[in-house]
Structure formats: structure tokens, C-alpha cells
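Trainee: Please look closely at one part of this model for me, namely the packing contacts inside the chain. I would like one connected account that also places them in their surroundings.

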Amino acid sequence: QTTESVPLWLEQMCDQIKRDGKFALGSEYFLSLTDKSREHVSRTLKKHTGMTVSEYINSLRLNFIANMLRNSNYSIAQIIFDSGFNNISWASECFKQKYGATMREYRQKNT
């Protein structure tokens, strides 16, 4: 959200959490990737992305779900749990908010 360049340590954290589905491990894992304080990471991430740590992780999870719905035949429940969400209804609510469709509708439109 800012024109100031993203600090290298944050860029590396974001790259690492995206790699190999590590976002499924959640906020605590993300925060463990640096020696910076939780508060510093939170402020810096919010400054550069406009998102909190939880929002950022959930955004990665929702992108994963959308990709899997388009490109796999796995059950919706399996995809949700693989993404790191532990609550199907919360994941469904977040997905509908972001994509404007239920996961089932999204899959039908995009496959």
C-alpha cells in the first residue's frame, strides 16, 4: 500500500510462506520465520500490504482453494483442510466474501 520498498526480511518471509504450501501452517509459523517482534512484523506487513498477518495468511489460503477448485477433483472439504483452514463454515464465508460465489459455484464456473 506504500511506495516505500518492502524490507528484504519481509519479502523473504512472504516468499517462504508461499513456498510448498507453508501458509497452511498459519500465522504462528509465519511469525517464526523472523527474529522481529510480532508487533513489528504486523505493522510492517500492514503498511506494505494493507493486511494483518491473519488476513494475509487467509488470502494465501483462499488463493490456494480457488486454484485447487479449478485444477483438481479433490473434495471441497479436503481442499479446505489442505489449505490450513480448520473450520469449513469460516473458510466458506471468507471464500464467498472474496470471490462472490460459493466454492461449489466457483468450481462449476471455472472448470
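Mentor: Of the 111 residues in the chain, 36% are buried, where buried means under 20% relative accessible area, exposed over 50% and partly exposed in between, with a 1.4 Å probe and protein chains only. This is a predicted model, in which local features need pLDDT of at least 70 and side-chain atom pairs count only at pLDDT 80 or more, while totals for chains, interfaces and linings use all residues. Residues are numbered from 1 along each chain as its sequence is written, and side-chain values use heavy atoms, with hydrogens and water left out.

The chain has 7 helices and 0 strands, taken as DSSP runs numbered from the N terminus (H or I, at least four residues, for helices; E, at least two, for strands). The C-alpha trace spans about 40 × 25 × 20 Å along its principal axes. About 6,700 Å² of the chain is exposed, with carbon and sulfur atoms supplying 47% of that area, as computed by the Shrake-Rupley method with a 1.4 Å probe, where for residues only the protein chains shown count as cover. Among the contacts with a separation of 6 or more, 55% come from residues 24 or more positions apart, a contact being heavy atoms within 4.5 Å.

With that setting in place, take the packing of helix α4 (residues 53–71) against helix α6 (residues 88–99), whose axes are 10 Å apart and make an angle of about 85°. Axes here are lines fitted to C-alpha atoms, for helices over the stretch in contact, and angles run from 0 to 180 degrees between N-to-C directions. The two helices α4 and α6 are therefore roughly perpendicular to each other, the class for 65 to 115 degrees, whereas angles under 35 count as roughly parallel, over 145 as roughly antiparallel and the rest as oblique. On the α4 side the contact is made by Asn58, Ser59, Leu62, Asn63, Ile65, Ala66 and Leu69, and these meet Trp90, Ala91, Cys94, Phe95, Lys98 and Tyr99 of α6. By class, this contact of α4 with α6 holds 9 nonpolar, 3 polar and 1 charged residues; Ala, Val, Leu, Ile, Met, Phe, Trp, Tyr, Cys and Pro count as nonpolar, Asp, Glu, Lys and Arg as charged, and the others, Gly among them, as polar.

A second crossing involves helix α5 (residues 76–83) and helix α7 (residues 103–110), which pack at about 105° with their axes 11 Å apart, and α5 and α7 are therefore roughly perpendicular to each other. In this case Ile76, Ile79 and Ile80 of α5 meet Met103, Arg104 and Arg107 of α7, which gives 4 nonpolar, no polar and 2 charged residues in the contact of α5 with α7.

Ser59, named above on the α4 side, is also one of the residues in contact with methionine 51, the others being Leu45, Lys46 and Tyr56 once neighbours within four places in sequence are left aside. Methionine 51 lies in the loop between α3 and α4 and is partly exposed, with a relative accessible area of 24%.

Towards the N terminus, glutamine 16 sits in helix α1 and is partly exposed at 31% relative accessibility. Apart from neighbours within four places in sequence, glutamine 16 is in contact with Lys22, Tyr29 and Leu33, and its C-alpha atom is separated by 8.2 Å from that of leucine 33, 17 residues away along the chain. In the loop between α1 (8–18) and α2 lies aspartate 20, whose phi is near 55°, a positive value in a residue other than glycine; aspartate 20 is exposed, with a relative accessible area of 70%.

Helices α2 and α3 are in turn linked by a pair of charged side chains: arginine 38 forms a salt bridge with glutamate 28, their closest N and O atoms being 2.8 Å apart. This pair joins distant parts of the chain, 10 residues apart, with arginine 38 in helix α3 (residues 38–49) and glutamate 28 in helix α2 (residues 26–32). The count comes to 1 salt bridge when the term means a side-chain nitrogen of Lys or Arg within 4 Å of a carboxyl oxygen of Asp or Glu. Arginine 38 is partly exposed at 43% relative accessibility, whereas glutamate 28 is exposed, with a relative accessible area of 52%.
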